[in-house]
Amino acid sequence: MSDKSFHPPPRLLMGPGPSNVPQRVLDAGARPTIGHLDPAFMEFMDEVKDLLRWVFRTSNDLTMPVSGPGTAGMEACFANLLEPGDTALICRNGVFGQRMVEMVERIGAHAIVVDDEWGRAVDPQKVEDALAANPATKLLAFVHAETSTGAQSDGETLAALARAHGCLSLMDCVTSLGGIPVEIDAWGVDAAYSGTQKCLSAPPGLSPVTLSEAAVTRIRERRTPVQSWFMDFRLVMNYWGSEGRRSYHHTAPVNALYGLHESLLLLREEGLEAAWQRHATLSRVLRGRLEAIGLEYLVPVEERLPQLNTLRIPAAVDDAAGRLSLLQDHGIEIGAGLGPLAGLVWRIGLMGDSCRQSSVDRCADALSAVLKLPAEATA
Ligand SMILES: *Cc1c(COP(=O)(O)O)cnc(C)c1O
C-alpha cells in the first residue's frame, strides 16, 4: 500500500469518453462542499436545471441530473417508462442498443429488436415496419450517437415515427449532447438521457435526463411501482422538483454538480451552435490528416459522427501494441473496438474540450509515428 496521493499522468483524452476536463470545470469541482439541502444549494440546483433545459433545447419541467453515469440515466428511463409485460421496440446498431435490450428484459418487459449493421445508422423504414407490425408497442428507444461504432441516427425522424404510431420515444444522447444538434422539443422526443463526460467535458458521474409531459403522465399512471427505489422518478421529482416541496431523497453529488454547472456555462459562452460547428469542422480536418496516412473510416460519410471517428486498423498493425504506444509514448488515449469490432477498429474521439486543432495535430502526428509512416506524409 502506498501512502502517496494519486497524481494522474498527463493525458490527451481522444477516446469514447471521458474527454479532457477544462481547468475552470476542475476548479469549480474543488470548491467547498455545502449541504445539499442548504438554501444556497437549492437555488444552485434550479440553475443547473435551467442550464440543462437550455442545452437539451426543451422547456420540459422534469429536466434534472440523475446521480450516476450515463448508464444510470439509461436504466432510470427504462425502469420508469416501462412496466412488466409492456412492449418496447429497441433499435440495435451497436453496444448501447444491446444494453437497452438487456435492461428492458430485466424489467420483465418485452423487447422487439430492430437490428442494423454495426457502423450504420438505424434504418427508419425498418422501424416503421416494426411499429406497424407491433401496435401494442409503448416505447421506441434508440441511440442517437452510437459511440461503439461512430454512427449517427436520425433522431427527428425516429421520434416522429414513434409519435405517428402512438408510442413514446426514448433517445440516448450521451455522446450527441453538445457535439451535434439535439432538439428535444423541436423533434418531439419524449425522454432523453445524456452523460457529463463526453461532449460536455465535465467529470464522469452524472446523467442529465429530460422527460416530456406525456412521459411524466406515463410514469404517474403506472399500475406498479418502479422496481428500483433509488431510480423512481416519482420520488426523485420531489427532491429535484421546485415549488418548495423539496424533500430528502439521496445526497446529491454536490461537487460533481459544481463541475457540470461550470461546463454548461462554458458551453453557453461559446454558444451551442458554435460548439456543433467546431466539432464538424475539426472532424473534417482530422479526416484529411488520417486519410493522408492511409486510414479508412468504418462508417459511410453521411452517417458519421464528428465527435467519434472509427478507423479500420491496417492489417500490418497490432491493435493493442498501437494503442499502448499512443498512450505511453505520446500520452494519447484512444478507444478500442468493441464486440464484433474488437481488434478491427480504433475509435478516435473529438469530444468537448478534447476537440481542438492542437488535439487533431497531436493525434495525427502520433498515429503516423505509430503506423511507422514518415511524418511528412501527414503534413
Ligand atoms: C458512454 C455512453 C453511455 C454510458 O455512459 P456511462 O457514463 O459510461 O455510463 C451510454 N450510451 C452511449 C451512447 C454512450 O456513449
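Here is a short conversation about the two domains, the ligand site and the salt bridges of this predicted model.

Reader: Happy to dig in! Into which domains is the chain divided, and what residues does each one cover?

Author: Glad to have you along. The C-alpha centres of domain 1 and domain 2 lie 28 Å apart. Domain 1 is made of two stretches, 12–16 + 272–378, and domain 2 covers 23–268.

Reader: What area do domain 1 and domain 2 bury between them?

Author: Let's start with the contacts: 25 residues of domain 1 touch 28 residues of domain 2. The size of an interface is often given as the accessible area lost when the parts come together. Of the area buried here, 63% is on carbon and sulfur atoms, and the total for domain 1 and domain 2 is about 2,100 Å².

Reader: Which element supplies the largest share of the side of domain 1 that touches domain 2?

Author: The polar side of this interface comes to 12 residue pairs in polar contact, with both residues at pLDDT 80 or more. Helix H11 (272–292) and strand E12 (308–312) each give at least two residues to the side of domain 1 that faces domain 2. By class, that side holds 14 nonpolar, six polar and five charged residues. The largest share, five residues, comes from H11.

Reader: And how far apart are N and O in the salt bridge of Glu303 and Arg120?

Author: The rule finds two salt bridges across the interface of domain 1 and domain 2. A pair counts when a side-chain nitrogen of Lys or Arg is within 4 Å of a carboxyl oxygen of Asp or Glu. For the side chains of Glu303 and Arg120, the N to O distance is 2.8 Å.

Reader: Now the ligand, my favourite part: how far is one of its oxygen atoms from an N or O atom in the side chain of Thr147?

Author: A good one to look at! The residues around the ligand include Gly70, Phe96, Thr147, Asp172 and Lys198. A backbone N or O atom of Gly70 is 2.8 Å from a ligand oxygen, and the side chain of Lys198 brings an N or O atom to 2.7 Å from an oxygen of the ligand. For the side chain of Thr147, the distance is 2.3 Å.

Reader: Last one: how many residues apart in sequence are the parts that Arg31 and Glu262 tie together?

Author: The whole structure has 20 salt bridges. In the one between Arg31 and Glu262, the closest N and O atoms are 3.9 Å apart. Arg31 sits in the loop between helix H1 (23–29) and helix H2 (39–56), while Glu262 belongs to helix H10 (residues 254–270), so the pair links parts whose separation in sequence is 231 residues.

How values were computed:
Residues are numbered from 1 along each chain as its sequence is written. This is a predicted model: local features need pLDDT of at least 70, side-chain atom pairs count only at pLDDT 80 or more; totals for chains, interfaces and linings use all residues. Side-chain values use heavy atoms; hydrogens and water are left out. Domain bounds come from an automatic or database domain assignment. Contact means heavy atoms within 4.5 Å. Buried area is the accessible area (1.4 Å probe) that two parts lose on being put together, summed over both. A polar contact is a pair of N or O atoms within 3.5 Å; within protein, one must be able to donate a hydrogen and the other to accept it, and residues adjacent in sequence count only if both atoms are side-chain atoms. Helices (H or I, at least four residues) and strands (E, at least two) are DSSP runs, numbered from the N terminus. Ala, Val, Leu, Ile, Met, Phe, Trp, Tyr, Cys and Pro count as nonpolar, Asp, Glu, Lys and Arg as charged, and the others, Gly among them, as polar. A residue is near a molecule or strand if one of its heavy atoms lies within 4 Å of it.
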